[in-house]
Amino acid sequence: MKLGEKIVFIVIAIVVVGFMGRNLWRLNTIQEVDKGIPYYSTASATLERAAMDIYRQQNCKSCHSLWTVRDLMKAVPAPILDGIGSLRSEDWFYQYFSAINPQAILPSRLKREYQMPSYVQLSESERRLLARYMANLKVQDWYLEETRKAEHEILTGQEYRP
Ligand code: HEC
């Protein structure tokens, strides 16, 4: 082999080994980052079934997402309810669902028709049930800040600065 050929051969070898090494390293880091789905529920099966019945009847789904892949094309930029029970208390939810004007508790930046409706017309036990269920929708600690940030940005349309 001539010297020139040897050099070309060595350069190619370095590039190939480099690529392989980089891919291997990436594979490892991806596995580290992928900790799975951060949301979980602490609700009993009975509570979940009863609350989700109300959730469906009231069509909360038309504005919110819960337990699904986010629909970025959704018309209403309402907060995502996954993990919401790590941000607020059961009592807060109950007061919020019972308020005649929920925007007095949580201000809105949206047009009236897209805002959170009042659920004062539901029975007290239904509102308590919904509140208890919401309080059981948790997020793992490692995703808490992300969840807070997403909520803040959806609610205010502004960047989150802790
Ligand atoms: C018309 C759309 C719409 C419907 C229907 C709706 N919501 Fe909302 N909801 C919103 C919006 C928008 C907000 C954010 C506050 C605002 O802009 O009024 C919100 C806020 C909330 C919050 C507070 C979120 C936070 O960040 O703390 C909870 C909890 C909630 N909704 C639960 C529900 C439940 C449960 C139902 C069904 C019983 C429901 N919503 C139905 C639009 C809706």
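**Fold, helix packing and ligand shell**

Among contacts in the protein chain between residues at least 6 apart in sequence, 65% join residues at least 24 apart. The model is predicted. The protein chain contains five helices and two strands. Along the sequence, these elements follow the pattern α-β-α-α-α-β-α. The chain has 162 residues, and buried residues make up 14% of them.

Helix H2 covers residues 45-57, which gives 13 residues. From its first C-alpha to its last, H2 reaches 18 Å. This is close to the 18 Å expected at 1.5 Å a residue. After H2 comes Asn 59, with a positive phi near 55 degrees.

H2 packs against helix H4, which spans residues 124-135. The axes of the two helices are 9 Å apart, and the angle between H2 and H4 is about 115 degrees. Their crossing is left-handed. On the H2 side, the contact involves Leu 47, Glu 48, Ala 50, Ala 51 and Ile 54. These residues meet Glu 126, Leu 129, Leu 130, Arg 132 and Tyr 133 in H4. By class, seven residues of this contact are nonpolar and three are charged. No polar residue takes part. The spacing of contact residues along a helix can be read against its turn. An α-helix has 3.6 residues a turn, so residues three or four places apart point the same way. Leu 47, Ala 50, Ala 51 and Ile 54 are among the H2 residues in the contact. In H4, Glu 126, Leu 129, Leu 130 and Tyr 133 are among their partners.

The loop between helix H3 (90-98) and H4 contains Gln 121. Gln 121 counts as exposed because it has 9 C-beta neighbours inside 10 Å, and the limit for an exposed residue is 12 or fewer. Ser 98 lies 23 residues from Gln 121 along the chain. The C-alpha atoms of this pair are separated by 8.2 Å.

The ligand is surrounded by 26 residues. Of these, Cys 60, Cys 63, Ala 78, Ser 108 and Met 116 come nearest. Helices also contribute to the shell. H4 supplies at least two of its residues, and so does helix H5 (144-156). H4 therefore appears in two settings, because its residues meet H2 in the helix contact and because at least two H4 residues belong to the ligand shell. By class, the shell has 17 nonpolar residues. Seven others are polar and two are charged.

Technical notes
Residues are numbered from 1 along each chain as its sequence is written. This is a predicted model: local features need pLDDT of at least 70, side-chain atom pairs count only at pLDDT 80 or more; totals for chains, interfaces and linings use all residues. A residue is near a molecule or strand if its C-beta atom, placed from the backbone, lies within 6 Å of it. Helices (H or I, at least four residues) and strands (E, at least two) are DSSP runs, numbered from the N terminus. Ala, Val, Leu, Ile, Met, Phe, Trp, Tyr, Cys and Pro count as nonpolar, Asp, Glu, Lys and Arg as charged, and the others, Gly among them, as polar. The expected span of a helix is 1.5 Å times one less than its number of residues. A residue is buried if 20 or more other C-beta atoms lie within 10 Å of its own, exposed if 12 or fewer, and partly exposed in between; C-beta atoms are placed from the backbone. Axes are lines fitted to C-alpha atoms, for helices over the stretch in contact, and angles run from 0 to 180 degrees between N-to-C directions. A crossing is left-handed if the near helix is turned anticlockwise from the far one by less than a right angle, and right-handed if clockwise. Two residues are in contact if their C-beta atoms, placed from the backbone, lie within 7 Å.
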